Amino acid sequence: MTTSNVVSSARSASPLGTLTVIPWSSEPSAESAGTPFLMAYSLGDGRDGPEAGQQAMRAALETMGLSVGDRLFDLAKDTGINASLLVEGGSAVLSLPFLKVQCPVPAEWQAAARESGQVYFLCSVRPWPGGAPGRPVDEALLRAYVSDEETLAACAHVMMPARRLQG
């Protein structure tokens, strides 16, 4: 079970509404610590309703140079996209032009991010009111949402380098 993290509850001020970030990882194997995933989505509670929120999220992603559903971006190769991820001390710090959040991550997620050096980030334009902030999310519900073809087609897919503090 994992817990979603609230980014902004100022839904009356933003067409995006409450943005939420949730981490999970694939099962580790003998060869790998698994794949770390991080997903951002809206609850669909923006000031102008869920449909306007979807349009606003799509526009925000396109302004960054990302597209929805048609390709996997790799920030190690695709330059000019203003996005970064810092993984340190049990947290993932995600920075996008419209979103800055520090998200607690489980130890197995952090181990997978360190081993692979990257995180598979999904940013959905499709709202998910079922993943409410601060409440545990049942693995079966999360799996159903993130593996749904409509959800996957409504996401920007990005491989992000998992940066660490150096010193």
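## A network of salt bridges

In this predicted model, Glu 88, Arg 114 and Arg 164 are joined to one another in a network of salt bridges. Within that network, the side chains of Arg 114 and Glu 88 meet with N to O at 3.9 Å. This pair connects distant parts of the chain, since Arg 114 belongs to helix 2 (residues 107-116) and Glu 88 to strand 6 (residues 84-88), with their positions 26 residues apart in the numbering. Arg 114 is partly exposed, its relative accessible area being 39%, and Glu 88 is likewise partly exposed, with a value of 26%.

## Other salt bridges

The structure holds 7 salt bridges, and pairs of this kind rest on a simple principle: side chains of opposite charge can pair when their charged atoms come close. One of them is formed by the side chains of Asp 148 and Arg 126, which meet at 2.8 Å, N to O. Asp 148 lies in the loop between helix 3 (139-147) and helix 4 (149-153), while Arg 126 lies in the loop between strand 9 and strand 10 (136-137), so the pair ties together parts that are 22 residues apart in sequence. Asp 148 counts as partly exposed at 28% relative accessibility, and Arg 126 is partly exposed with a relative accessible area of 27%.

Another salt bridge stays inside helix 3, where Arg 143 and Glu 139 are 4 residues apart and therefore separated by about one helical turn. The closest N and O atoms of Arg 143 and Glu 139 are 3.9 Å apart, and Glu 139 is partly exposed, with a relative accessible area of 43%.

## Helix 1 and its two sides

Helix 1 runs over 15 residues (residues 50-64), which at 1.5 Å a residue should span 21 Å, and this agrees with the distance of 21 Å between its end C-alpha atoms. Just after helix 1 comes Gly 65, which takes a positive phi of about 100°.

Which residues of helix 1 are buried? They are Gly 53, Met 57, Ala 60, Leu 61 and Met 64. These residues cover an arc of only 95° around the axis, and therefore they lie on the same side of helix 1. On the other side of helix 1, Glu 51, Gln 55 and Thr 63 are exposed. The cover over the buried residues of helix 1 includes several strands, namely strand 3 (19-25), strand 7 (91-96), strand 9 (118-124) and strand 11 (155-161).

Methods:
Residues are numbered from 1 along each chain as its sequence is written. This is a predicted model: local features need pLDDT of at least 70, side-chain atom pairs count only at pLDDT 80 or more; totals for chains, interfaces and linings use all residues. Side-chain values use heavy atoms; hydrogens and water are left out. The expected span of a helix is 1.5 Å times one less than its number of residues. Buried means under 20% relative accessible area, exposed over 50%, partly exposed in between (1.4 Å probe, protein chains only). The arc is that of the directions from the helix axis to the C-beta atoms. Contact means heavy atoms within 4.5 Å. A salt bridge is a side-chain nitrogen of Lys or Arg within 4 Å of a carboxyl oxygen of Asp or Glu.
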